[in-house]
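Trainee: I've just opened this one and would like to talk through how its chains meet. Can you walk me through it?

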Protein chains: 2
Amino acid sequence: MARTANPENRDRIVRTTRDLIRRNGIQGTTMLEVVKASGGSRGSLYHYFPGGRAEMVEDAVRSAIDEYTAGIEYLATLPAAQAIPLMVEFWRAEAEASDYAAGCPIAAAALGGASDPVPSRLAGEAFAGWIDAFARMLVNEGIPADRARALGTLAIAAVEGAVILGLAQKSSTPMELVADQLVALVDAAQ
Amino acid sequence: MARTANPENRDRIVRTTRDLIRRNGIQGTTMLEVVKASGGSRGSLYHYFPGGRAEMVEDAVRSAIDEYTAGIEYLATLPAAQAIPLMVEFWRAEAEASDYAAGCPIAAAALGGASDPVPSRLAGEAFAGWIDAFARMLVNEGIPADRARALGTLAIAAVEGAVILGLAQKSSTPMELVADQLVALVDAAQ
DNA sequence: CCATAAATATGCAGGCATGCATAGATATCG
DNA sequence: CGATATCTATGCATGCCTGCATATTTATGG
């Protein structure tokens with residue numbers, strides 16, 4: 001038996017799929033484009049993803065959720081006045097590096113619910129986890145639980161929205177303004 | 001010459017296209033589905049939109065922008081404490097009525113920039129106008145211009161983000177929490 | 001080195017979407 | 001009513017995408 005069990009190629013495909021989802025959305029991401037962008041062949045894709053396109057897309061979204069959630073869990077250990085600018089700066093840098101073509105893949109998954117319900121549901125659960133993490137961070141700073149939950153929801157929603165505004169306007173201004181206002185708001189809530 | 005000049009059918013097609021964009025995004029909206037949903041024939045579509053799919057999609061986005069912008073301009077004549085809940089309530093009702101399948105078509109246009117740059121650019125301009133309107137409203141309530149602009153950006157971004165969170169979670173909670181927090185924030189800023 | 005499995009490459013059928021062309025139906029005006 | 005323009009319907013060619021099947025290559029274990 002050979003059993004190479006080489007996960008590198010599969011991971012590379014998953015990453016490429018994520019990148020394409022960020023640019024073209026769930027519906028706009030095809031196996032042919034993933035093949036072109038990752039350099040393999042169509043046969044390889046069905047080897048790594050027997051479930052076809054659905055499995056490939058779902059894995060890409062799961063992978064992105066795992067990665068981003070870990071990042072947010074880390075940010076939640078910092079003071080909010082640091083965590084919020086860091087989170088926004090991450091998206092700003094990603095947007096700018098792609099010339100404002102690549103947004104949040106989780107938001108893309110959320111909006112692809114009509115054709116792909118599973119990634120959309122996963123996105124909903126991921127957002128809930130992110131809100132929880134932010135709320136915990138705010139509770140640690142002395143904000144009551146109910147208010148912390150509401151402010152956490154506002155923060156996640158505002159950052160996701162700011163990324164969309166930034167892509168449409170090809171500008172980092174929305175993200176910067178939103179970060180400033182969120183920090184000021186959390187500061188005032190303490 | 002007959003020259004019926006009957007814009008009703010064309011308008012119905014434009015509206016159907018908008019609805020499909022809200023559910024399936026720009027890339028997920030095809031002429032065949034528009035024909036199926038609006039009841040006409042493919043020939044009619046090319047009669048009304050000689051530019052093909054691109055013209056149809058662009059007109060749908062322009063129409064949506066015109067309509068929503070008029071609504072926001074009206075909201076901006078009200079006190080912010082009324083305007084913000086009304087705006088959120090509109091999206092909440094639309095989301096709920098569609099069983100959390102239909103979001104904001106302008107956000108969908110913003111995210112479709114890779115394949116359709118024109119609607120994405122229009123979305124960016126529309127967002128700028130909405131932010132201006134909100135900022136004017138806040139200036140009227142005594143908030144300094146710079147702060148008003150930042151708060152207006154935060155409000156538009158947060159509402160758009162809350163709609164996405166709501167669709168993913170199939171819940172109106174994100175929109176309600178965001179509306180409450182935005183009202184409290186504007187109230188405190190005066 | 002050889003047998004076996006992993007990984008890659010390619011072809012084919014079916015379905016869908018676009019764009020265009022070509023008819024046919026409908027309505028309006030003189 | 002007849003002529004003209006609008007509107008609708010349908011077919012064809014092309015290309016893309018998926019899923020599956022079928023080689024072919026590569027690598028590993030014995």
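Mentor: Sure, let's take the pairing of the chains step by step. It's a predicted model, where local features need pLDDT of at least 70, side-chain atom pairs count only at pLDDT 80 or more, and totals for chains, interfaces and linings use all residues. Residues are numbered from 1 along each chain as its sequence is written, chains are lettered from A in the order in which they are written, and side-chain values use heavy atoms, with hydrogens and water left out.

Trainee: What kind of axis relates chain B to chain A?

Mentor: Superpose the copies by least squares on C-alpha atoms of residues with pLDDT of at least 70 in both. A rotation of 180° with 0.0 Å of shift along its axis then puts chain B on chain A, at RMSD 0.0 Å. That makes it a two-fold axis.

Trainee: How much area is buried between chain B and chain A?

Mentor: Buried area is the accessible area (1.4 Å probe) that two parts lose on being put together, summed over both. Carbon and sulfur atoms give 76% of it here. The total is about 3000 Å².

Trainee: Which element gives the most to the side of chain B that touches chain A?

Mentor: Counting contact as heavy atoms within 4.5 Å, 37 residues of chain B meet 37 of chain A. Helices are DSSP runs (H or I, at least four residues), numbered from the N terminus. Those giving two or more residues on chain B include α1 (7–24), α7 (117–140) and α8 (145–169). With 16 residues, the top contributor is α8(B).
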